[in-house]
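Open the model in your viewer and keep the selection box handy. We will go from stop to stop, and at each one you will find what to select and what to look for.

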Amino acid sequence: MSVQHGATHAGDLRLETDVLVIGSGAAGAVVACELAEAGQRVVVVEEGPHFTPQQYGVMRPSESLRKLWVDAGLAFAIGLGDTPMINVMMGRCIGGSSVLTGGVCFRIPGSVLHQWSTELGLTELTEAKLEAAHESVERALHVEEVPTSLRSRSSQKFVQGAERLGVPMKPIVRNTKGCNGCGRCNFGCPHGAKLSVDVTYLERALAAGAEIWSDCRVDRLSFRGARVTGAEGRLLDAERRQPRGRLRVQAKRVVVAAGAYGSPLLLQRSGVGRRSGQVGRNMTVHPAFRVMARFKEPLRGWEGALQSVYSDAFEADGVTLTGLFVPPGVLAATMPGIGPSHLRRAESIPHLAIFGGMIHDEGNGAVTRGLFGPQMTYRMSAKDRHSATVLMRRMAEIFFAAGAEEVFLPVLGLGGIHADRLPSLALERVPGRQLECGSQHPLGTCKMGVNPNGSVVDPNGKAWDTEELYVVDGSTLPTSLGVNPQLSIMTMATRSAWKLRELPLRG
Amino acid sequence: MGWRKSALAAAHPLAKRDQGPLGSASVSASEPSSSPFPLRQPGGAPIVSGRFLRRARLLAEAIFASHAGPPPRQRLDWLMLEAEDYLARGGAQIRFTLGLAAFAVCVLAPLWSWRLRSLASLEVNARVAALERLEASPLAAPLLAVKAMLCVLYYEHPDAAREVGFEPTCLTGPRSPAAHASAGVGS
């Protein structure tokens, strides 16, 4: 058994199954695996292409961007009000974003679960009740701590500065086995060391008899009354992603797992969730900012684990700091200068350390179909805007404490700053549009809740006002997490799958 | 169109000629990704407009210029092929946004330097100066958008990477025994 490719299938494709899973990322893979192993007939359809680790492992970063990411990694959310434009990066391939994460695995924070189970009435979402699902995912993914020996010198510098200022740093845990710290997790692990779902859950799903199809775009869900009966779409060609033959899948149950971008668009196209008007709303993104620092000595920050340490010392301000590194082109892109002045700064790349920070944000974004195609918008709250200022200032202080000669804040046009300039820098007055901001964590666009008028899915993930239609992915998370969401999404997917396998399938 | 043909012709010789010791560890880095990708719409029109590519090249010549002048022509040819492939895969909205940004930069940069000439008519040094002024202005956003895309691609060229001291030991993804041990779903 292997992944089948819609791109090479001749003519139209018609399938019939018990459960159709739309999307093969972190959530869809878990559901497919759990249900197939429970004996159900499962078909997974994925819009993106299929590449094996041997194939994506030899891609240059920009090749990976253009072949594995939504809109070649250039998708963005338009900033509303005092908000920057946010580059939102999402995977579109067999394995989804899990192929392209740094591998960071955080459990759903206890404080978040407390809010969900008390304030939001989602009483089953407690630490105790999710423990088995958390454990199951951690076991399947071989979640382990990043050893100190894999820390890049870039991260080591940041840790030194943090220690000098008394900011506690902690080792990150990731889904890896045999990582050698080559630092390119974000473009697909070339060594098969990152246990993304394409090398774990989807392999198990195939072994249990699931059918997995790449290059299959679902355009709309099919219904008989309120009951979903399957989905329709198109097969896509391999390169230009243009429609070829027709796709029609008949299923007793449908699980939508296309992520916080794809799932609401599919529901909107299918007319689901009109009553609440909440489909596509409430998007959180964990707005993320990176700060770079130039040191006198070369660091070669690309050598070592991409992400190895983090700090939650500023959680009260809604900020989590996490290590990272990015390719030289991305570094050079954010450095000021044209011509010789640009090259002079680019030559400092081996001397650069980088660290990132993200904001535990409020849900003020949206995904809509738009006049010219799908569109994301995001409005940063005053609280989150304040968090961005805290984040930049603290990270700069830490780098200066580590001995950085110059720090580059994510403020367009600012250039490098020296330590004596930082205290007088009015970061809170920098217009939002001047901030350089990214996100890898869009969440919450098909929010789970107990009230059909204020949410898209019920506490079990079933879309309100429908039968046999479930949404299982990051789009259902009721609030932002404040931590990297991969493990959280998979834990919620495991919980949903365990519930679904107990529900009888009706003919 | 003439430019497009010459760029295509120049691309492959570049892979052999303009490649230093670093290239031996990253041969694929100098091979254009675009060759197997049909860059034309079914009707025959190019997906990425030649006008955008000409503007992007004007900007790249300045952004990556050293005191000795713009980068080697072959490297710019390679860069434009990469840019074309990248944008062809990036979707219509992205192409529209970056196309608009490149147009805005070409109009604004000379004006911001009080020059009533087109950016294309300026020598590289004058172009560098005009773009530097624009980058430091409140109107920098379109320039930064195009510059970001060009930088991501340009520094993947092994010679460009080497010139700034970057050795991408793993960014070209050497196949290891471990990769074959965990071959991935459906392989």
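Start by selecting strand β11 (residues 227–236) of chain A together with β12(A): the two pair in the antiparallel sense over six bridges. Pairing here requires at least two bridges found by DSSP between the strands, and helices (H or I, at least four residues) and strands (E, at least two) are DSSP runs, numbered from the N terminus. Before moving on, note that this is a predicted model, in which local features need pLDDT of at least 70 and side-chain atom pairs count only at pLDDT 80 or more, while totals for chains, interfaces and linings use all residues. Residues are numbered from 1 along each chain as its sequence is written, chains are lettered from A and ligands numbered from 1 in the order in which they are written, and side-chain values use heavy atoms, with hydrogens and water left out.

**Around β12 of chain A**

Stay on this hairpin and pick A:Arg234, whose bridge partner in β12(A) is A:Arg246. Six residues lie between the two strands, and in this hairpin A:Arg241 has a positive phi near 60°.

Now add strand β2 (residues 13–22) of chain A, which runs parallel to strand β12 (residues 243–256) of chain A and is joined to it by nine bridges. A:Leu15 is the residue to click, standing opposite A:Val249 in β12(A). Then bring in strand β22 (residues 469–471) of chain A, also parallel to β12(A), with three bridges; there A:Tyr470 stands opposite A:Val255.

**A:Asp18 and its partners**

Which side chain meets A:Asp18 in a salt bridge at 3.1 Å, N to O? Select A:Arg41 and you have it. A salt bridge means a side-chain nitrogen of Lys or Arg within 4 Å of a carboxyl oxygen of Asp or Glu. A:Asp18 sits in strand β2 of chain A and A:Arg41 in the loop between α1 (26–37) and β3 of chain A, so this pair ties together parts that are 23 residues apart in sequence.

Next show A:Lys252, whose side chain also meets that of A:Asp18 in a salt bridge (3.3 Å, N to O). This pair links strand β12 of chain A with strand β2 of chain A, 234 residues apart. A:Asp18 counts as buried at 9% relative accessibility, whereas A:Arg41 is partly exposed at 38% and A:Lys252 is partly exposed at 25%. The cut-offs are under 20% relative accessible area for buried, over 50% for exposed and in between for partly exposed (1.4 Å probe, protein chains only).

**Across to chain B**

Select A:Arg66 and B:Asp85, which form a salt bridge with their closest N and O atoms 2.7 Å apart. B:Asp85 lies in helix α4 (residues 73–90) of chain B and A:Arg66 in helix α3 (residues 61–68) of chain A, so the pair joins two chains. Both B:Asp85 and A:Arg66 are buried. Widen the selection to the salt-bridge network they belong to, which includes A:Glu63, A:Lys67, B:Glu82 and B:Arg89.

**Two loops to finish**

Last, click A:His142 in the loop between α5 (127–141) and β6 (143–145) of chain A. Its phi is near 55°, a positive value in a residue other than glycine. A:Arg300, in the loop between β13 (288–294) and β14 (309–311) of chain A, has a positive phi near 50°.
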